[in-house]
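Reader: I'm a first-year and I keep getting lost in models like this one. Could you pick a single spot, take a close look at the side chains there, and then work outwards?

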Amino acid sequence: MTAELALGTYRCRAIPEAAVRAAASGAQWIDTAPNYATGQAQTLLAPVLAARPHVRIATKTGFFTAATGTDAVNDGALTEDQAVAGHSLAPNYVRWQIRRNRAQLGRERLDLVLLHNPERAHPGDRPALHRAIREAFAVLEEAVEAEHVAGYGIATWAGLEEEAFTVEELLALAGEVAGGQQSHHLVALQMPVSLVMMTPIVQALDGRGPLPAAVGAGLRVMASAPLHGGELPGMVDQELASLIRPGLTPAQACVLAAASCPGVTDVLLAASGAPHWRQAADAVAQPSLTAAKLREITGVLASP
């Protein structure tokens, strides 16, 4: 099955309009974070979400703007030293940010809260990082118990590729705090999957890496940056696009490749304009690329 298209609000220029368009097209998920749009993304989304209670929201805790850091210090959720870092997994802060996310988004219960690039905490010190993740997971389990959060996960850029943690280790940490592997609410993984960041695709085709592990655990996998920040279509010529799927534009071909990666359930696209969203929706409506085709494409791109 080809993955579904979801709205990603990182680098999305017209968030409310894009959210309305995505929901109208049938998108089930909108992804955001407290630090997106200089800290305004969640409040911009609130009216759209209020009018569309069926649309699910994924947000995060970890990164914060300077203004949010000041608020957290004033509320006793962070020390001034912690606020300087612009990123925290501290339990008090995670608890505070979940409460703030709910207020800003206007949702009593958040569908998904992701630890935002947890690899930023304790770089190079895996034991300390894993302790910090475990403590944050404990807070997230509390939020699930209080019915403030439905499920949680990780949004990472480099943590899995750099082996700061593995999917198996994350599942073990969640199981520890929840009292068993059948009891935890770790349900999702967000990571970059594209024709630039191909490692997850290549590994998945061989049954290795984070994606097969996520599939085995029943995790939702959200592919971020399928167009690599908008750079990828300029790097893929029409010849390669036609190799991927005849009749598609380079941008469409790149989206379809990410959406066809085994294990990916959702592709996050920050499309501000109606034509871009429509073209991407047409791409993911296509039949998924076969494993053989994905091998051919990654082989071509990997060759010198």
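Author: Let's start at Asp71, which is partly exposed, with a relative accessibility of 30%. On that scale, buried means under 20% relative accessible area, exposed means over 50%, and partly exposed is in between (1.4 Å probe, protein chains only). Before going on, keep in mind that this is a predicted model: local features need pLDDT of at least 70, side-chain atom pairs count only at pLDDT 80 or more, and totals for chains, interfaces and linings use all residues. Residues are numbered from 1 along each chain as its sequence is written, and side-chain values use heavy atoms, with hydrogens and water left out.

So who does Asp71 meet? Its side chain forms a salt bridge with that of Arg100, 3.0 Å from N to O. (A salt bridge here is a side-chain nitrogen of Lys or Arg within 4 Å of a carboxyl oxygen of Asp or Glu.) Asp71 belongs to helix H3 (residues 66-74) and Arg100 to helix H5, so the bridge ties together parts that are 29 residues apart in sequence. Those labels come from DSSP runs numbered from the N terminus: helices are H or I with at least four residues, strands are E with at least two.

Now stay with H5 and look at its rings. Phe64, Tyr93 and Trp96 make up one aromatic cluster. To pair, rings of Phe, Tyr and Trp (its six-membered ring) need centres within 6.5 Å; planes under 30 degrees apart are stacked, over 60 edge-to-face, and the rest tilted. The structure has 4 aromatic pairs by that rule. In one of them, Phe64 and Tyr93 sit 5.2 Å centre to centre with 55° between the planes, a tilted pair. Here Phe64 comes from the loop between S3 and H3, while Tyr93 is in helix H5, 29 residues apart. Tyr93 also pairs with Trp96: their centres are 6.1 Å apart and their planes at 35°, so this pair is tilted too. Tyr93 and Trp96 are 3 residues apart in H5, about one helical turn. In general, an α-helix has 3.6 residues a turn, so residues three or four places apart point the same way. Phe64 and Tyr93 are both buried, and so is Trp96.

H5 (91-105) has another job on the map: it is among the elements covering the buried residues of helix H2, along with helix H1 (15-24), strand S2 (29-31) and strand S3 (56-61). In H2 (residues 41-51), those buried residues are Ala41, Gln42, Leu45, Ala46, Val48 and Leu49.

Back to charges for a moment, since the structure holds 11 salt bridges. Asp266 and Arg220 form one of them, with the closest N and O atoms 2.5 Å apart. That pair also links distant parts of the chain, with Asp266 in strand S8 (residues 266-269) and Arg220 in strand S7 (residues 220-224), 46 residues apart. Unlike partly exposed Asp71, Asp266 is buried at 1%, whereas Arg220 is partly exposed at 23%. Elsewhere, Arg208 and Asp206 are bridged at 3.7 Å between the closest N and O atoms. Arg208 is partly exposed at 42%, and Asp206 is partly exposed at 42%. Add Arg295 and you get a salt-bridge network of Asp206, Arg208 and Arg295.

Conventions:
Contact means heavy atoms within 4.5 Å.
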